[in-house]
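Trainee: I should like to work through this model by question and answer, beginning with its sheets. Might we first settle the terms?

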Amino acid sequence: ELAVIVPSPEAVLDDADYDIWGEVRPRLVEAFGKKIDAAILFGTDKPSTWRAGIVPSATTAGATVTKTADVYTDIMGENGLIAKVENSGFLPTGIMSAVSMRATLRGLRDTTQNPIFKSDMQGSTQYALDGIPMDFPMNGAFDPTAALMIAGDFSQLTYSIRQDVTYKLLDQATIVDPTDNTILYNLAQQDMVALRAVMRLGWEIPNPINAFNASNANRFPFAVYVPAAG
């Protein structure tokens, strides 16, 4: 469960010439998305009942490739990022990547100094690797110090939304700091209201045995391209 309370003085809401809650709600959804993505991808602040994140799980399975000077081979080679997923018996359907990798891919050149992934300088760059579409999360959840790319069969990542984002307007609550129970706001006493948003969901990677790889130790439908140490 994710929940947040956003308090505001009633006077501020009354005096505003625009819908303040209408501006707040999209930011709450964005914050929820960032928290969920970070927990699923990296295990950041995840509930204890959740499995390890994709990056830690791929690391445990040995499905990582460390960045070298030869980025093309790192990704496309026989022992590269894409091959790591294939060797587990899965075909990659997508690649999530740090925004910084856009410039890295644009700058890759062959021995004649022609761009590898860009055919001309006028058209927009279509970011895909071996026909696999790429996505560059912009909500701040993707940690480039832990992973540069995550390739995998995203059909293996299952999730269930038990309760979509719901809102409730509070006007009688007392809001306390959860760390020390210090009272932060008494809404009725301070002529305030607060918007409470709640969402509940869970996720899992079944990682089923397949005909290509029956080993539980190194079979995982995702692989990670990690930055070089130091």
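Mentor: Two strands pair if DSSP finds at least two bridges between them. Please keep in mind that this is a predicted model.

Trainee: In the open sheet of 3 strands, which strands stand at the edges?

Mentor: The order in this sheet is β1-β10-β7, and the pairing is antiparallel. Each edge strand has a single partner strand, so one side of it is left without a neighbour in the sheet. The twist averages 10 degrees from one strand to the next. The strands at the edges are β1 (2–9) and β7 (158–170).

Trainee: Which residue in β10 is the bridge partner of serine 8?

Mentor: Strand β10 covers residues 192–204 and runs antiparallel to β1, with 8 bridges joining the two. Within β10, the bridge partner of serine 8 is valine 193.

Trainee: At what angle to β10 does helix α2 run?

Mentor: Helix α2 comprises residues 20–42 and lies across β1, β7 and β10. Its direction relative to β10 is about 30 degrees.

Trainee: How far apart are the end C-alpha atoms of α2?

Mentor: The helix has 23 residues, and the expected span is 1.5 Å times one less than the number of residues. That gives an expected 33 Å, with which the model agrees: the end C-alpha atoms of α2 are separated by 33 Å.

Trainee: At the start of α2, which residue has a side-chain oxygen that reaches the backbone nitrogen of tryptophan 21?

Mentor: A polar contact requires N or O atoms within 3.5 Å. Here the oxygen comes to within 3.3 Å of that nitrogen, and it belongs to aspartate 19.

Trainee: How many residues does α2 contribute to the largest nonpolar core?

Mentor: The buried residues of α2 include Trp21, Val24, Leu28, Phe32 and Ile36. An α-helix has 3.6 residues a turn, so residues three or four places apart point the same way. The largest nonpolar core has 54 residues. The largest share of this core comes from α2, namely 10 residues.

Trainee: Which residues touch the most other members of that core?

Mentor: One of them, isoleucine 54, is in contact with residues beyond four places in sequence that include Ile40, Leu41, Ile150 and Trp203. Apart from this core lies another, of 5 residues, among them Leu170 and Met192. In the core of 54 residues, those that touch the most other members are Ile54, Met149, Ile150 and Tyr225.

Trainee: In the open sheet of 6 strands, which residue in β11 stands opposite alanine 151?

Mentor: This sheet has the order β2-β11-β6-β3-β5-β4 and mixed pairing. Its edge strands are β2 (64–66) and β4 (128–129). Strands β6 (residues 149–152) and β11 (residues 222–226) are antiparallel to each other and share 4 bridges. Opposite alanine 151 stands alanine 223.

Trainee: Is serine 97 buried or exposed?

Mentor: Serine 97 lies in strand β3, where a polar atom of its side chain is 3.2 Å from the backbone oxygen of leucine 148. Buried means under 20% relative accessible area. At 0% relative accessibility, serine 97 therefore counts as buried.

Trainee: Which residue has its backbone nitrogen 2.9 Å from a polar side-chain atom of asparagine 213?

Mentor: Asparagine 213 lies in the loop between β10 and β11. It counts as buried because its relative accessibility is 11%. The backbone nitrogen in question belongs to serine 215.

Key. Residues are numbered from 1 along each chain as its sequence is written. This is a predicted model: local features need pLDDT of at least 70, side-chain atom pairs count only at pLDDT 80 or more; totals for chains, interfaces and linings use all residues. Side-chain values use heavy atoms; hydrogens and water are left out. Axes are lines fitted to C-alpha atoms, for helices over the stretch in contact, and angles run from 0 to 180 degrees between N-to-C directions. Contact means heavy atoms within 4.5 Å. Buried means under 20% relative accessible area, exposed over 50%, partly exposed in between (1.4 Å probe, protein chains only). A polar contact is a pair of N or O atoms within 3.5 Å; within protein, one must be able to donate a hydrogen and the other to accept it, and residues adjacent in sequence count only if both atoms are side-chain atoms. A nonpolar core is a set of buried Ala, Val, Leu, Ile, Met, Phe, Trp, Tyr and Cys residues joined through side-chain atoms within 4.5 Å.
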